Amino acid sequence: MAVTETTPTTKPRLNAIVDDIHEALVDIITKHRVTLDEYRAAVGWIVEASQQHLEIPLMLDVFLASTLDDLAQEAGEGTESNVEGPVYVPGAPRLERPYVLPMRENEPGEKLVFSGTVRSTDGSPLAGANLDIWQANGACEYSHFQPGVPEYNLRGQLTTDDNGAFEFETVTPAPYEVPKDGATGQLLAALGRHCFRPGHIHFKLSHENAAPLTTQIYFEDDPYLDSDVVGAVKESLVTKVARHVDDGGNPYATCSYDFVLPAG
Ligand code: BEZ
Ligand code: FE
């Protein structure tokens with residue numbers, strides 16, 4: 001049956017998109033001969049998810065964010081963008097040099113020193129570029145989303161020096177397991193899929209003469225690079241990690257990444 005014609009609207013794009021969603025769902029229901037019981041189970045699952053804090057944005061990001069990011073990136077120059085994800089919190093503290101992300105005394109995770117540069121596409125250093133950084137710790141915990149973790153833990157903003165260089169100390173993030181106890185985790189389990197993302201650090205970069213960039217950096221030795229539950233890993237965003245032992249016999253890691261921002 002044709003979709004009912006209604007009053008012409010001022011939002012043809014909305015009409016076109018909603019019509020296509022409707023058509024796609026009708027096609028899926030028809031193709032798989034979805035039963036009324038299955039339809040009711042799906043509606044029940046959506047109702048349950050909507051009653052759980054953050055499960056709907058989490059589920060949408062798990063299944064769709066990487067597609068949106070790929071489209072936004074098309075024909076872009078400079079460092080590739082990557083999904084922002086659902087756990088960004090604005091207003092992270094501005095740090096003083098030498099930069100250390102805010103963390104607790106025994107923060108889970110091996111010490112990591114992350115260095116790099118921010119340059120424009122012609123190779124000139126971008127001094128005073130802002131890096132807004134957020135990450136999970138070595139126990140898979142993001143501050144603001146895990147009870148008991150202090151506000152803005154492992155979240156901070158820093159700026160590049162006159163040579164466009166930066167360095168900060170943090171801990172190596174563990175592979176991140178999307179919460180398993182909610183509707184998203186239940187759906188992934190029912191599909192036989194694991195809930196892991198490779199360990200990563202999120203960055204939002206900005207500079208007055210450059211286009212802003214939201215991206216993530218991954219680590220070469222991570223076991224989940226090829227099976228990220230979000231499907232967001234891009235080869236150009238994977239960095240090497242070197243392992244060392246300091247004079248006191250304590251292990252630590254170093255890595256670096258050189259970001260390139262197109263003109264704004
Ligand atoms: C993340 O980067 O942390 C993330 C992205 C999408 C879904 C869940 C988590
Ligand atoms: Fe993340």
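What spacing do the donors of the iron ion (ligand 2) follow along the chain? They follow Y-x57-H-x1-H. The legends below take a closer look at that site and at several other corners of this predicted model.

**Figure 1. The iron ion (ligand 2) and its protein donors.** Three atoms from the protein serve as donors here: OH of Y142, NE2 of H200 and NE2 of H202. They lie 1.9 to 2.0 Å from the iron ion. Y142 is buried, and H200 and H202 are buried too.

**Figure 2. The aromatic pair of Y142 and Y176.** Aromatic pairs turn up 11 times in the structure. A pair of aromatic rings is described by the distance of the centres and the angle of the planes. For Y142 and Y176 the centres are 5.0 Å apart and the planes meet at 75 degrees, which is an edge-to-face arrangement. Y142 belongs to the loop between β3 (130–135) and β4 (155–159), while Y176 belongs to strand β6 (residues 176–177), so the pair ties together parts that are 34 residues apart in sequence. Both Y142 and Y176 are buried.

**Figure 3. F166, F259 and a cluster of rings.** The ring centres of F166 and F259 are 6.1 Å apart and their planes are at 35 degrees, so this pair counts as tilted. F166 comes from strand β5 (residues 165–171) and F259 from strand β12 (residues 251–261), so the pair ties together parts that are 93 residues apart in sequence. F166 is buried, as is F259. Step back a little and you will find F114, F166, F168, F203, Y257 and F259 linked into a cluster by ring pairs.

**Figure 4. Two lysines over tyrosine rings.** K111 lies over the face of Y252, with 5.4 Å to the ring centre. In the other example, the charged end of K204 sits over the ring of Y88, at 4.7 Å from its centre.

**Figure 5. E169 and its contacts in strand β5.** Is E169 buried or partly exposed? With a relative accessibility of 27%, E169 counts as partly exposed. Leaving aside neighbours within four places in sequence, E169 is in contact with Y99, V100, L101, M103, K111 and L112. The K111 in that list also lies over the face of Y252. As for V118, its C-alpha is 17 Å from that of E169, with their positions 51 residues apart in sequence.

**Figure 6. Helix α3 (residues 55–73) and its bend.** The 19 residues of α3 reach 26 Å from the first C-alpha to the last, close to the 27 Å expected at 1.5 Å a residue. Where does α3 bend? The bend is at L64, by about 55 degrees. Buried residues of α3 are E55, L58, M59, V62, A65, S66, D69 and Q73, and these pack against α2 (36–50) and α4 (183–190).

**Figure 7. Helix α4 and the glycine just after it.** A183, T184, G185 and L188 are the buried residues of α4. Their cover includes α2 and α3. Just after α4 comes G192, with a positive phi of about 75 degrees.

**Figure 8. Backbone spots worth a second look.** Most residues other than glycine have a negative phi, and most peptide bonds are trans. Here the peptide bond from R97 to P98 is cis, with omega near -10 degrees; P98 lies in the loop between α3 and β1 (99–100). C140 has a positive phi, near 75 degrees, without being a glycine. Y152, also not a glycine, has a positive phi of about 60 degrees. Where do these two sit? C140 is in the loop between β3 and β4, and Y152 is found in the loop between β3 and β4 as well.

**Figure 9. P198 and its surroundings.** P198 lies in the loop between β7 (196–197) and β8 (200–207). P198 is buried, and its relative accessible area is 0%. Not counting residues up to four places away in sequence, P198 touches P175, Y176, Y218, D222, Y224, L225, D228 and V233. Among them, L225 is 27 residues away along the chain, yet the C-alpha atoms of P198 and L225 are separated by 5.5 Å. Y176, another of these contacts, is the partner of Y142 in the edge-to-face pair.

Terms used. Residues are numbered from 1 along each chain as its sequence is written. Chains are lettered from A and ligands numbered from 1 in the order in which they are written. This is a predicted model: local features need pLDDT of at least 70, side-chain atom pairs count only at pLDDT 80 or more; totals for chains, interfaces and linings use all residues. Side-chain values use heavy atoms; hydrogens and water are left out. Helices (H or I, at least four residues) and strands (E, at least two) are DSSP runs, numbered from the N terminus. The expected span of a helix is 1.5 Å times one less than its number of residues. The bend at a residue is the angle between axes fitted to the seven residues ending there and the seven starting there. Buried means under 20% relative accessible area, exposed over 50%, partly exposed in between (1.4 Å probe, protein chains only). Contact means heavy atoms within 4.5 Å. Rings of Phe, Tyr and Trp (its six-membered ring) pair if their centres lie within 6.5 Å; planes under 30 degrees apart count as stacked, over 60 as edge-to-face and the rest as tilted. A charge sits over a ring if NZ of Lys or CZ of Arg is within 6 Å of the ring centre and within 35 degrees of the ring normal. Donors are N, O and S atoms within 2.8 Å of the metal (3.2 Å for Na, K and Ca); water is not among the atoms, so sites may look incomplete.
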